[in-house]
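Colleague: I'd like to learn how to read salt bridges in a model. Can you walk me through a few?

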Amino acid sequence: MPEWTGVAAAGPLPKGRQWLRLDNRFLPPLLITSILLTAHLSFGILEGWERTAAAIVTAFAAEMALGRITYGKWPYAASAYITGISVGILLRSPFLWPYILCAFISIASKYVLRFRGRHLWNPSNLGVSLVLFLAPETVSLLSVQWGNVVAPMVVIWLLGSVIVWRVGRFYLSATYVVSFLLFSFVRAAVTGIPWVAAVAPITGPMYQLFIFFMVTDPKVTVRPMWAQCLVVFFVAFVELILRLNEVVYAPFYALCFVGPSALLVEMWLDARRGRMS
Amino acid sequence: MVVGPRRSLASLMVSDRQQRVARVVWTVLFVAGVAAIPVLNRQTLATAPSAEGGAARFGFHLREVAREAGVDFVHQAPTFDPQLGHIMPQVASTGASVAVADFDRDGWQDFYLTNSADNSHNRLYRNNGDGRFTDVAVQLGVADVNRTGTGVSMGAVWGDYDNDGYEDLLVYKYGGPLLFHNDGGAGFTDVSARAGLPAWVNANSATWLDVDRDGRLDLFIAGYWADDVNLWRLETTRIMPESFEYANNGGRKYLLRNKGDGTFEDVTTAMGITSRRWTLAVAAADLRGTGYPDIFFANDYGVSELYANQGGKRFVDIAETTGVGRTPKSGMNASFGDIFNDGRLAIYKANISEPGVLVQGNDLWVPKEGGGEGEYDNLAPSLGVDLGGWSWGAQFGDLNNDGTLDLYLVNGYVSAGERSSYWYDFSVIAVGHSSIIGDARNWPDMRGRSFSGYQRKRVWVNDGVGRFTEVAQSVGASDTNDGRAVALADLGNRGVLDVIVANQAGPALVYRNTVTSGRHWIDLELEGTASNRSAIGARVDVTFGGRTQRQDVLAASGFSAQNQRRVHVGLGAAAAVDRVRIVWPSGREQVLERPAVDQLHRVKEPA
């Protein structure tokens with residue numbers, strides 16, 4: 001999720017909106033920080049600050065060290081900050097090591113898992129998925145409501161929507177939500193569970209983070225807008241398949257699988273076009 | 001000439017070769033990091049590997065003897081309104097309990113088991129003193145307490161509320177609580193109506209405590225479901241918790257002050273207890289050194305509560321400031337133990353851990369050293385007692401008489417279809433907003449699936465220096481029933497703690513304990529005079545071999561359970577006890593110098 005902060009890389013803004021550029025770079029970190037502070041101070045979502053702090057510090061230190069040594073310059077710090085804070089919010093474990101390892105693996109993946117100059121995975125999506133898959137006995141994911149009060153949920157949805165709209169990625173969030181709702185009918189029909197139960201997960205904070213910070217990551221999505229929407233639709237579709245097979249962390253695994261696959265396909269098509277021309 | 005900044009910039013440029021080398025290094029570190037995940041995961045789960053030789057390695061061995069001891073009880077779960085049929089195993093998942101007392105004062109520990117189906121009978125097992133037990137519940141009038149329309153039993157707790165020397169019995173229910181007066185060990189009389197107990201409480205826990213130290217036991221009953229819910233005749237299906245971790249729509253609590261004339265008055269609100277959380281377990285002890293008992297609530301669907309007793313006049317919830325009530329989990333157990341032999345009572349709260357879905361981890365709240373701020377640290381992960389599956393009742397007790405308190409935990413929620421799990425569907429509904437999760441109709445049908453079923457129990461042996469080792473399979477605690485309550489008692493007067501387990505919709509188990517020879521012990525049975533006669537709330541410090549172990553006389557402990565009131569302290573190789581210091585609930589102190597070991601001491605509060 002860190003590359004989400006590199007909104008400037010999505011292309012120059014119109015002249016009349018240049019003033020937005022600097023602000024926009026800080027919006028995602030501000031959004032996720034405000035989500036964390038509000039959720040914890042109101043509802044105590046974190047068992048302790050030390051685990052989230054460990055994830056942030058690890059991500060920050062890894063990013064600084066790897067970026068500096070690899071490229072000879074200091075990388076953009078907000079990216080690591082978002083990775084660390086996301087790991088700190090999303091993971092649930094009585095132990096400290098999953099937070100540290102997950103944050104490190106997330107950052108390191110950007111420097112290791114590269115193809116033709118691009119990294120393929122949303123870093124925290126990959127890190128979280130790996131830790132969940134490899135340490136199921138000791139790690140789980142944030143999977144509960146924050147307080148079950150309507151107002152904070154509405155505020156986060158509105159604030160998140162406004163911010164992704166300002167950075168020009170709202171259509172991705174919207175595509176995912178519509179796809180999820182569509183597929184929830186399918187799941188309800190196939191499994192026989194009440195439709196509201198099938199929809200229930202999207203009302204939780206885990207999905208808020210997923211929708212606003214992961215599926216909108218510009219560095220690991222394909223270029224054309226229609227293709228981006230198609231990729232997000234496929235993420236929801238793979239999630240449907242996984243959910244029908246009772247995979248609890250379906251959205252994370254789906255993005256982990258579909259995102260890089262789409263990028264590789266795009267790179268292959270680009271190379272093919274290059275050879276033909 | 002190159003100026004400084006330009007040279008500095010140049011020096012920072014990294015060549016392609018350097019980048020390649022760096023990438024190789026990062027790749028190695030990345031792979032190492034990924035490889036470390038399963039390794040650390042396995043290390044975290046480390047248990048004693050051997051299935052044999054428990055007695056030799058850990059100093060004790062358990063053998064299940066219920067049938068041969070004459071205990072043939074099988075718990076029956078309740079059946080509620082058909083509107084809950086699709087999730088019945090969940091909503092009817094409690095009711096198996098065990099409460100130990102020597103009700104007839106013959107010197108042998110007896111125990112009471114609750115049943116929960118309509119018109120089912122509870123059992124009172126009288127200890128014959130020869131290793132066998134006889135059910136005398138019908139004969140003594142405490143069996144037929146689950147009649148249709150009156151609710152069904154969820155647990156029981158003994159306490160001598162009228163100080164006549166015989167332990168009386170409170171049965172708490174999803175229904176009207178019942179108080180049975182013990183008529184000299186020869187029978188029981190239902191005095192509920194006269195006592196002024198509430199008409200209906202959907203309770204999963206209750207305890208006796210002397211709130212104001214007036215020498216009379218008061219009563220605390222904690223509601224789980226809201227009081228206006230009749231689970232047999234639902235007016236609405238919107239009865240479920242409004243949140244998986246922030247629910248505040250549970251049952252009210254009742255603090256009933258003993259007026260001394262056989263009646264009780266409701267002082268709950270007046271004393272500042274306003275909780276509406278979904279309480280599953282309560283335990284009371286003097287946790288702050290004030291001389292007055294505080295009350296710890298283990299709450300399902302939310303944070304714990306710790307009500308600090310303000311001189312017997314009022315309670316204040318200090319869970320947030322002390323740290324024990326900051327993180328919401330699924331609390332199901334409350335037990336206290338001096339695990340470091342330093343006089344600090346740790347609080348063990350059981351929660352849920354299900355691999356791949358939900359890893360809350362159990363909590364072991366230990367007062368910070370120094371204790372000045374009254375804050376607690378959760379040492380469960382570092383001591384290795386955090387992962388216990390879907391955990392229910394737990395008890396501290398020195399199972400191997402080595403001088404440190406061990407921990408016995410039962411677990412398992414619903415054991416049904418062995419190859420199917422309800423967890424995925426639960427994970428879907430649990431995250432839903434209150435408007436979804438709060439309505440039972442929205443909960444997916446369980447369709448005979450298991451829900452954290454068939455779980456291995458946990459027996460953690462305390463090495464006394466900061467580590468617990470899980471030894472259940474090695475020492476013979478090998479059942480996989482849906483455990484709810486566990487109680488520890490010396491059933492054979494042999495100087496060892498045996499184990500009684502109440503299983504939901506399953507058989508009661510009695511584990512006979514055999515401890516390696518050469519380990520000493522001392523037992524103390526207290527009788528209050530100025531204090532309540534059961535001595536509930538008394539603190540006992542036993543000093544031996546250069547250490548001092550604290551144990552308190554408690555009523556309820558664990559989940560729906562009560563241990564023997566007798567204090568049992570293992571001494572290890574120490575062949576002498578230096579001193580026993582007793583702080584009675586009245587505040588009086590008593591010291592026994594060099595009491596004999598390997599025997600029971602009956603101690604009466606001095607005038």
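Modeller: Side chains of opposite charge can pair when their charged atoms come close. Here Arg594(B) forms a salt bridge with Asp578(B) (a side-chain nitrogen of Lys or Arg within 4 Å of a carboxyl oxygen of Asp or Glu), and the closest N and O atoms are 3.6 Å apart. This is a predicted model, where local features need pLDDT of at least 70, side-chain atom pairs count only at pLDDT 80 or more, and totals for chains, interfaces and linings use all residues. Side-chain values use heavy atoms, with hydrogens and water left out, residues are numbered from 1 along each chain as its sequence is written, and chains are lettered from A and ligands numbered from 1 in the order in which they are written.

Colleague: Where in the chain do Arg594(B) and Asp578(B) sit?

Modeller: They link distant parts of the chain, 16 residues apart. Arg594(B) is in the loop between strands E39 (589-593) and E40 (600-604) of chain B, and Asp578(B) is in the loop between strands E37 (567-572) and E38 (579-583) (strands, E, are DSSP runs of at least two residues, numbered from the N terminus).

Colleague: Why does Arg594(B) count as exposed?

Modeller: Because its relative accessibility is 57% (exposed is over 50%, buried under 20%, partly exposed in between; 1.4 Å probe, protein chains only). Asp578(B), at 27%, counts as partly exposed.

Colleague: Are Arg550(B) and Asp552(B) buried or exposed?

Modeller: Both are buried. Arg550(B) forms a salt bridge with Asp552(B), the closest N and O atoms being 2.8 Å apart.

Colleague: How many salt bridges does the structure hold?

Modeller: There are 35 over all chains.

Note on methods:
Helices (H or I, at least four residues) and strands (E, at least two) are DSSP runs, numbered from the N terminus.
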